[in-house]
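Got the model open in your viewer? Here's a short tour of what to click on, stop by stop.

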Amino acid sequence: LSGGCELTVVLRDFTAGCSTELSVSTGQTVELLERPTERPGWCLVRTTDRSPPLEGLVPSSTLCVSHSRSSVEMDGFFSSGKGRRNIFS
């Protein structure tokens, strides 16, 4: 990603399965650092609620990626609830 980091919210719990992954919880805020081309469908994130912060990979499907980054990803998150409001609105 260019132009700095993006804050995003975790939509559902994820438990790390190896040392490169990061366990996150629903509602947690993380910084989206990168979308590695070698791991499609995954994002590199950094925690914002711990000191020192932790970094690791999480599945893209666990994150609420902002509309400005990818409308295709957002369509997948909100397609079942057309009346729902985006939390960033």
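Start by selecting Val9 and Cys64: Val9 sits opposite Cys64, which belongs to β5. This is a predicted model, by the way. Now widen the selection to the two strands: β1 (residues 6-10) and β5 run antiparallel and are joined by two bridges.

Next, show the whole sheet. Five strands make an open sheet in the order β4-β3-β2-β1-β5, with antiparallel pairing. Look at the ends: β4 and β5 (63-64) are the edge strands, and each has a single partner, so one side of each has no neighbour in the sheet. As a reminder, strands of a sheet pair through backbone hydrogen bonds.

Go inward to β2 (residues 29-34) and pick Glu31. Is Glu31 buried or exposed? With a relative accessibility of 18%, Glu31 counts as buried, because the cut-off for buried is under 20%. Show its contacts beyond four places in sequence and you'll find Cys5, Glu6, Leu7, Leu44, Val45, Arg46 and Thr48.

Now the cysteines. Cys64 is buried at 1% relative accessible area, whereas Cys18 is partly exposed at 37%. Don't hunt for a disulfide: the structure holds zero.

Last stop, colour by pLDDT. The protein averages 79, and 69% of the residues score at least 70. Among its elements, strand β4 (residues 55-59) has the highest mean, 97, and helix α1 (residues 71-78) the lowest, 43. Select residues 67-84: pLDDT stays under 50 there, and the model has 23 contacts beyond four places in sequence for this stretch. Where pLDDT is low, the predicted coordinates shouldn't be read in detail.

Technical notes. Residues are numbered from 1 along each chain as its sequence is written. This is a predicted model: local features need pLDDT of at least 70, side-chain atom pairs count only at pLDDT 80 or more; totals for chains, interfaces and linings use all residues. Side-chain values use heavy atoms; hydrogens and water are left out. A disulfide is a pair of cysteine sulfur atoms within 2.5 Å. Buried means under 20% relative accessible area, exposed over 50%, partly exposed in between (1.4 Å probe, protein chains only). pLDDT is the predictor's confidence in each residue, from 0 to 100. Helices (H or I, at least four residues) and strands (E, at least two) are DSSP runs, numbered from the N terminus. Contact means heavy atoms within 4.5 Å. Two strands pair if DSSP finds at least two bridges between them.
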